[in-house]
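Here's a quick tour of a protein model for the bench. Take a look at it first, then read on.

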Amino acid sequence: MKKKLLTMLLLAFLSVGVVACSNEDQGKIGNSNQSEETSNAQLGSDKEGETTKKETEEPKAQTEAPKVQTEAPKAEITIERQVVFDQDGIIITATGIDLKGSFMGPEIKLLIENNSEKKLTVQARNVSVNGYMVDTSMSAEVSPGKKANDSLTITKSSIKECGIENIAYADFSFHIFNSDSWSDSFDTDMIHIETSCVNSYTQSYDDSGEVIYENNGIKIVSKGISEDASFMGTPLVLYIENNTEDAITIQARNVSINGFMVDQIFSCEIMPGKKAIDAVTFMKSDIEENQIKSIDEVEISFHIFKTDGWDTIQDTDPVTISFK
């Protein structure tokens, strides 16, 4: 009986030990599996995050040099070398044209040869470009037996006012005189020079505005008060055509602003068949003295005469121009 009891107790003890060992092993296996699952989950999360990062990251733009659209270079404007005057030992040759010229404007290059026995001064007169009268600068002194390279400079302001984009042709004359005595002066015939763009460029003429005089082949158009007042005063811009056969001069007379008489500056010379953009400048001092705050009305008349001989062509009636 005691043996049987001891045997049963021993079996019970062994049974409890086996169960305990079995639970411990299962726990170890479970923890190992859980750790492996956690590791795999973290790895999957890392891979998923990396994939998401790759998916959300914008691809780097391929940087290319910007394409610059360049215009075809404009053909250089030139003139053929040509003798434009040859008389009494004086030879003037046009050697070229420089559109950039000086700070004053484009230049027609000239070679002047003085084979006379006198010191001479050569100046430009009656210059027009593409049919528009323009302001210029030129005065060259040449000693006897000497040569000089000089330029006929066309002012930038004239080019701009007339809307000249390219110089297709130019017309002018020379005034030549003795530098020491200012005697023995003479004016050459008109000289015509064409550039390389004469057949490809057409000058437009803006005659828009109020026609204030049109008679005897002469047309005057008011283009309004310019906003570009000078230190001398305020300009009334005019477009003028001379369709006569004579060189003419036009001057202003009896000018008033808003009923007040004012002094002005205006004298425009125009060669036959040419046009001009010019301005009647109302003196700043008169405008201030008469306390004129705005120019509402201008009354003006013109004295028109032949430049050669001063024969009167027309003294116009007063013309009223309203700017209200």
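What follows covers the chain as a whole, its largest pocket and one threonine.

This is a predicted model, so to speak of local features takes a pLDDT of at least 70, side-chain atom pairs count only at pLDDT 80 or more, and totals for chains, interfaces and linings use all residues. Residues are numbered from 1 along each chain as its sequence is written, and side-chain values use heavy atoms, with hydrogens and water left out.

The protein chain holds 3 helices and 22 strands (DSSP runs: H or I of at least four residues, E of at least two, numbered from the N terminus). Of its 324 residues, 37% are buried, meaning under 20% relative accessible area with a 1.4 Å probe, protein chains only.

Now for the largest pocket, with a volume of about 890 Å³. A pocket here is an open set of points on a 1 Å grid over the protein atoms alone, where a 1.4 Å probe fits, with protein on both sides within 12 Å along at least five of seven lines; lining residues have an atom within 4 Å of a point. Asp 135, Ser 158, Glu 161, Ile 277 and Asp 278 lie nearest its centre. The lining breaks down like this:

| Class | Lining residues |
|---|---|
| Nonpolar | 12 residues |
| Polar | 8 residues |
| Charged | 8 residues |

Helix H2 (156-161) and strand E19 (275-283) are among the elements that each supply at least two lining residues.

Is Thr 93, in strand E2 (residues 90-102), buried or exposed? Thr 93 counts as buried because its relative accessibility is 5%. Beyond neighbours within four places in sequence, Thr 93 has contacts (heavy atoms within 4.5 Å) that include Arg 81, Val 83 and Leu 110.

Technical notes: Grid points are joined across faces, edges and corners, and a volume is the space filled by probe spheres set on the points. Ala, Val, Leu, Ile, Met, Phe, Trp, Tyr, Cys and Pro count as nonpolar, Asp, Glu, Lys and Arg as charged, and the others, Gly among them, as polar. Buried means under 20% relative accessible area, exposed over 50%, partly exposed in between (1.4 Å probe, protein chains only).
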